[in-house]
Amino acid sequence: QVQLVESGGGLVQPGGSLRLSCAVSGSIFRINALGWYRQAPGKQRELVALITDGGSTDYADSVKDRFTVSRNNAKNLFLQMNSLKPEDTANYYCYARLSTLSSAWRPQEYWGQGTQVTVSS
């Protein structure tokens, strides 16, 4: 069973910073990509940042130069968010595309429970 457990959300003033964390666990064969999505009320879920197994990254245009996605050898995923704006307010979801030991031929998508980020003065 694959699990994604998030932490780090909260309330912050505009211009402030937060660091989100996601711990990935389970019988994993291969991780293809890890990332963060967000969804604000009345809006569709959007990609925030993605990091592949090769280390390449992609960012939404709205967060480039402010957010940084990273991972460590323990399969933990991070999102450093700086210069936060009110429009960054959303529920942030940890995302993984991976294959398990029992189904190595079929990568699947997994999601964390979401963590709320609110940027307000």
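**Core.** I looked up the largest nonpolar core first. In this predicted model that core has 31 residues. I noted the residues with the most contacts inside it: W36, L79, M81 and Y92. Next I listed the elements that give two or more residues to this core: β3, β4 (28-39), β5 (46-52), β7 (67-71), β8, β9 and β11 (115-119). Which element gives the most? I found β9, with 5 residues. I keep a general remark beside this entry: in soluble globular proteins, nonpolar side chains tend to be buried together.

**M81.** I picked M81 and left aside its neighbours within four places in sequence. M81 is in contact with G16, S17, L18 and L20, among others. I also found R66, F67, Y92 and V117 in contact with M81.

**Strand β9.** I turned to β9, residues 90-100. Is this strand largely enclosed or open? I counted 10 of its 11 residues as buried, so β9 is largely enclosed by the rest of the structure.

I then looked for the partners of β9. 10 bridges join β4 to β9, and the two run antiparallel. There, G35 stands opposite Y95. On β10 (residues 103-111), 5 bridges connect to β9, again antiparallel. The bridge partner of Y95 in β10 is W111. So I have Y95 opposite G35 in one pairing and bridged to W111 in another. A hairpin joins β9 to β10 through 2 residues. With β11, β9 shares 3 bridges, and these strands run antiparallel. N91 stands opposite Q116 in that pairing.

**Strand β3.** I went along β3, residues 18-25, and checked where its side chains point. They alternate. L18, L20, C22 and V24 point to one face and are buried. R19, S21, A23 and S25 point to the other face and are not buried.

Which strands pair with β3? I found β1 (residues 3-7), antiparallel, with 5 bridges. V5 stands opposite A23 there. I also found β8 (residues 76-81), antiparallel, with 6 bridges. In that pairing C22 stands opposite L77.

**Disulfide.** I searched for disulfides and the count came to 1. The bond joins C22 to C94, with S to S at 2.1 Å. This pair links distant parts of the chain: C22 sits in β3 and C94 in β9, 72 residues apart. I checked the handedness next. The torsion about the S-S bond is about -85°, so the disulfide is left-handed.

Are the two cysteines buried or exposed? The cut-off for buried is under 20% relative accessible area. C22 has 1%, so I entered C22 as buried. C94 has 0% and also counts as buried.

**Whole chain.** I finished with the overall figures. The protein chain has 0 helices and 11 strands. Along its principal axes, the C-alpha trace spans about 50 × 25 × 25 Å. For 121 residues, a compact globule would have a radius of gyration near 14 Å. I read 14 Å for the chain, which agrees.

Buried residues make up 41% of the 121. I also looked at contacts between residues at least 6 apart in sequence. Of these, 56% join residues at least 24 apart. My last entry is the accessible surface, about 6400 Å². Carbon and sulfur atoms account for 45% of that surface.

Technical notes:
Residues numbered from 1 in each chain as written. Predicted model: local features only at pLDDT ≥ 70, side-chain atom pairs only at ≥ 80, totals over all residues. Heavy atoms only, no water. Buried < 20%, exposed > 50% of the residue type's maximum accessible area, 1.4 Å probe, protein only. Helix = DSSP H or I, 4+ residues; strand = E, 2+ residues; numbered from the N terminus. Pairing = 2+ DSSP bridges. Disulfide = S-S within 2.5 Å. Core = buried A, V, L, I, M, F, W, Y, C linked by side-chain atoms within 4.5 Å. Contact = heavy atoms within 4.5 Å. Rg over C-alpha atoms; globule rule 2.2 N^0.38 Å. Areas by Shrake-Rupley, 256 points an atom, 1.4 Å probe, with all protein chains shown as cover.
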